[in-house]
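Colleague: Could you take a close look at the largest pocket for me? Please keep it plain, and spell out the terms.

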Amino acid sequence: MKKIKKLIGGRRLNRSYGGDAFIITLLTIFGVFFAFPLVFNINHAFKPLNEIFLFPPNIFVRRPTMNNFQDLFIIMSKSWVTFSRYIFNTLFVTVAGTAGLIIVAAMGAFVVSKYKFPGAKVFFSGVIITLMFSGYVTAIPNYLVMAQLGWVDTYLSIIVPAFAMPMGFFLLKQFIDTIPDTLLEAAKVDGAKEMGIFAWIVLPMIKPAWLTVMIFSVQSLWNARASNFIYSEELKTLPYALSQIITTGVARAGVGAAVGLFVMIVPLICFILAQSNVLQTMASSGIKE
C-alpha cells in the first residue's frame, strides 16, 4: 500500500467505508428511482383489467396474462392495412433514417473538424444554435420545404429530415476532434485515400459516438407518427396505428398497456446493447487533444 501511495503523486487517498457506503446508497436510490417507470410499464402490460384499475395501483402484476397482447394482435389483424405493413413502414423509416444520419453527420463532422476551410467555425456555431430549437418551432418550415419538393405523403418526408439531427453532428464532431492529425497524415503518406481514411480509420475510432447517435435516432424514428406528412394508410407508421387503437376508451386500457410496452421495446433493446458506448461517449465528448 505504501508503494501505491507513492505512485499516486505522493497524495494520500482520503476515503472511508462510511463515504463509500453513502455513495453506494445514494446511487442505489437514484437507480431505483429511474428504473421505476420501466419496471411499472413492463408489469402493467401483463396485468388483467381488474388490476389495471386498482387504486392505489400495484407495481408488480399478481396474475400475469397475455390477453392484452392477444387483443392487440386481433384488433390489428382486422384492420384495413395489415399489421406487417405498419411494421415494415416503421422499420424502413428507422433503418434508412438512422443509416443516413450516421453517414451524413459523420462525413460533415469529419470535414468541419479536420479541414480548415473558410466559414467552418461559423457553420459549426450555426449547428450549435440549432440545438436550442424545438421540433415544434421547425414543424411548419419543414412541411413547407417537403411540400415544395413534392415529398409529402412519401417516406422521404420522414427519412431526409432525420439526416439533419444537430446533436448527432455535434457528438461526432467532438469525437473526431480527439483523433490526432498525425495519424491521418501518416495514413496519407502510406497512400490511403480520403474515403479510405474516413471509412477504415475515422469511423472505427468514433464507434462509441455513432452508436450513441444511432440510439437517439432509433428512439426518435421508431416513435415517429409522422401524421403531418403521411396521409396514405399504406404508408403510416406503427406508432400512429397503435395510437388509434387506444383512443376508443377504457375498454382497451389493457391493449393500451401492451401498446406502451411494444413501442418502447425496440429503443430499449438498442440502448441495452450499446449502453457501454453511450457512457464512453458522454465521458469523452468534451475531451480534446
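Modeller: Here is the pocket, followed by its lining. This is a predicted model, where local features need pLDDT of at least 70, side-chain atom pairs count only at pLDDT 80 or more, and totals for chains, interfaces and linings use all residues. Residues are numbered from 1 along each chain as its sequence is written, and side-chain values use heavy atoms, with hydrogens and water left out.

The largest pocket has a volume of about 1200 Å³. A pocket is an open set of points on a 1 Å grid over the protein atoms alone, with protein on both sides within 12 Å along at least five of seven lines. The volume is the space filled by probe spheres set on the points, with a 1.4 Å probe.

The lining has 31 residues, each with an atom within 4 Å of a point. Closest to the centre are G135, T138, N142, P161 and S220.

Which helices supply at least two residues each? They are helix 7 (139–149), helix 8 (156–162), helix 9 (166–177) and helix 12 (207–222). Helices are DSSP runs (H or I, at least four residues), numbered from the N terminus. Helix 7 gives the largest share, five residues.

By class, the lining has 19 nonpolar, eleven polar and one charged residues. Here Ala, Val, Leu, Ile, Met, Phe, Trp, Tyr, Cys and Pro count as nonpolar, Asp, Glu, Lys and Arg as charged, and the others, Gly among them, as polar.

Helix 12 also gives two or more residues to the lining of the second largest pocket. That pocket has a volume of about 400 Å³.
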